[in-house]
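Hello,

Please find the structure below, as promised. My notes on its charged side-chain contacts follow.

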Amino acid sequence: MDEKHRTVASLVSKLSSVSERTRIDALCELRQMSKLDPETRPIIAEAGAIPFIAETLYSSSHPSQENAAATLLNLSISAKEPLVSTRGVLDAIAHVISHHSSSSSPSAVQSAAATIHSLLAATDDYRPSVGAKRDIVYALVDILRCHVSSPPRTIKDALKALFGIALYPPNRATMVHLGVIPALFALVVKDGRVGIVEDTTAVIAQVAGCEESGEAFRKVSGVGVLADLLDLSTGASMRSKENAVSALLNLVRCGGERVLAEVREAVADVAADGIEDVEENGSTKGKSKAKELLKVLFGDDDDVHDDNSSNSVLSSGRGSQFDSF
């Protein structure tokens, strides 16, 4: 056994100590190791640390919560399988996020939401199992509902986690049923910060790709909000406009003739210029989506189809997994 393995084994053995101070100190060291030395992440997982770390998320101690959540986030980067396969981990993460406005540390909530995003960003392997955890989805949605009191960083991490969940099409109906649509549109209308709006519209574009979204959009005048983003006078960013185009296209693909008529009416005036702006000045995929939307709305209705592809853009530039427009 080399030095790293011996050090990790010693620290993991301390996670079951009766002394809270000993447990916290060991967890702090594991957090630093997993942050600074990627090679230690699988070693920590193999040493049996994950169940102890997950259990610590239920602690009433904020420092313990914060160190545990941050360590899980570090492990999620390159030790995804042992993390997801360990019984109780997702439930513990859900516990932290669901108590975001009461007993959970804000830092722990942020790390927990970021862990969900990390698990889902680079692979679709875990999207079904995470999306099946309704407590996680509901808690992430609730962070958006409480956007006035939620820290901006936590909101962005929650949005990115929801984006990852929505990339698996069967999850979208669950998200709609748990109230994600009104929470998302409330952010667009009431928040206004460019990065928040870009990430929010990226999630909207994904969730629009299910039959259940048509009625949910109708209840919050969602088509009108997206049309407003495409109005050139509102000054929305190009990414927000591209996401609005994607959302409208997905909505039409899944919503049938009634939705098609509603979208056509909403964009007939000023929004059509915004779609043309995306077609002329957007990204390569943005141009393609704008061209397709214009054809669907004002050309041949037979072009409406559902390919359930990922076609929205988060504001972050940290890696190609976000650039899936």
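**Salt bridges**

E215, R218, R258 and E262 are joined to one another in a network of salt bridges. Please keep in mind that this is a predicted model. The count of salt bridges comes to 13. Three individual pairs are described here.

Within a helix: R6 and E3 form a salt bridge through their side chains, at 3.0 Å from N to O. Both belong to helix α1 (residues 3–14), where they are three residues apart, so about one helical turn separates them. R6 is partly exposed, its relative accessible area being 42%.

From helix α1 to a loop: the side chains of K4 and D37 also meet in a salt bridge, with an N to O distance of 2.9 Å. This pair links distant parts of the chain, since K4 sits in helix α1 and D37 in the loop between α2 (20–36) and α3 (40–46), 33 residues apart. K4 has a relative accessibility of 30% and therefore counts as partly exposed.

From helix α7 to a loop: D91 and K133 form a salt bridge in which the closest N and O atoms are 3.0 Å apart. Distant parts of the chain are linked here too: D91 lies in helix α7 (residues 89–98), and K133 lies in the loop between α9 (127–131) and α10 (134–145), 42 residues apart. Are the two residues buried, partly exposed or exposed? D91, at 36% relative accessibility, counts as partly exposed. K133 is partly exposed as well, with a relative accessible area of 30%.

Regards

Notes: Residues numbered from 1 in each chain as written. Predicted model: local features only at pLDDT ≥ 70, side-chain atom pairs only at ≥ 80, totals over all residues. Heavy atoms only, no water. Salt bridge = Lys/Arg side-chain N within 4 Å of Asp/Glu carboxyl O. Helix = DSSP H or I, 4+ residues; strand = E, 2+ residues; numbered from the N terminus. Buried < 20%, exposed > 50% of the residue type's maximum accessible area, 1.4 Å probe, protein only.
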